[in-house]
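Q: Could you take me through one part of this model slowly, as if I were new to reading structures? I would like to know what surrounds that part and where it fits in the whole.

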Amino acid sequence: MIILSPQTVANPGALETRSLPKKIIGRVQILPRGATLGTWLRLLFEMQFLRYCAALFPFLVPILISRDLALPVMQAPLAMILVIGVIELKVLRLSDSARTRLMPEEEADRTLDAFSFRAKSLLRRIAARRGIAEGDLRLVAEQSELARVAPLTFVSVQSAAPSPHIVPLDPEDQDILNTLFDDTLTERDLHRAQLRKEEHIQDVTIEAAGVSAHARLSAWMDENAAEA
């Protein structure tokens, strides 16, 4: 999971938006701070151009072996398109029948409901500790549509007040978001449910004014306890 915030990426300008929810995958390239090698490799794999190059690499091998094979290889564009199509549409994505076999629709609905319930709870905690009392907060989780690979998940808190933006998150806010997934609800669980439903983004919204006084008092007490 990659948390999106001006504090967590090296190119915060990529987070600017005029509408909500702000979508990332296939639109902008994110440079997360402190990302592991595995995360960088997964981000590179998401780049369509690099996947095309990898799919066409076998066609380059004969050319490297013998220049005489260059012309026949370059005259086979249909074969290249076919290879790319098979990998992109059959290997990395699921057909309608494969999505149906992935999990029962009722199970996918339960997974998405559990995610929504948990997301609202985290949003209320963030609103309470930051003293946000007006407008709305949205927890947006966007995942790659590619199947059979490790899920790529971008999570952000977004708001339309005073204008559409991705909310800056301090370390405490990030710690709260890091509890979004655990053993009972994993990134892969959400990914499978979204593949089953043909959805790739979850947008959960709360009204900040609806956060209870009890939640705000609890957040205030936690903050003072941490300072003490």
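A: Let's begin with a word we need: a residue counts as buried when its relative accessible area is under 20%. Keep in mind, too, that this is a predicted model. Now look at helix α8, which runs over residues 187–197. Its buried residues are Leu190, His191, Ala193, Gln194, Leu195 and Arg196. What lies over them? The cover includes two helices, α5 (96–102) and α6 (105–130), along with the strands β2 (136–143) and β5 (201–207). Just after α8 comes Glu198, a residue with a positive phi, near 55°.

Next, let's see where α8 fits in the wider picture. The largest nonpolar core has 28 residues, and Phe115, Leu137, Leu139, Val157, Leu177 and Leu180 are those with the most contacts inside it. Helix α8 supplies at least two residues of this core, as do α6, β2, β3 (153–159), α7 (171–177) and β5. The biggest share comes from α6, which gives 9 residues. Apart from this core lies another one, of 12 residues, with Val9, Ile24, Leu152 and Phe154 among them.

To get a feel for the larger core, pick out Val157. Setting aside neighbours within four places in sequence, Val157 is in contact with residues including Leu123, Ile126, Leu137 and Leu177. Also among its contacts are Arg138, His165, Ile166, Val167 and Leu169.

How values were computed
Residues are numbered from 1 along each chain as its sequence is written. This is a predicted model: local features need pLDDT of at least 70, side-chain atom pairs count only at pLDDT 80 or more; totals for chains, interfaces and linings use all residues. Side-chain values use heavy atoms; hydrogens and water are left out. Buried means under 20% relative accessible area, exposed over 50%, partly exposed in between (1.4 Å probe, protein chains only). Helices (H or I, at least four residues) and strands (E, at least two) are DSSP runs, numbered from the N terminus. Contact means heavy atoms within 4.5 Å. A nonpolar core is a set of buried Ala, Val, Leu, Ile, Met, Phe, Trp, Tyr and Cys residues joined through side-chain atoms within 4.5 Å.
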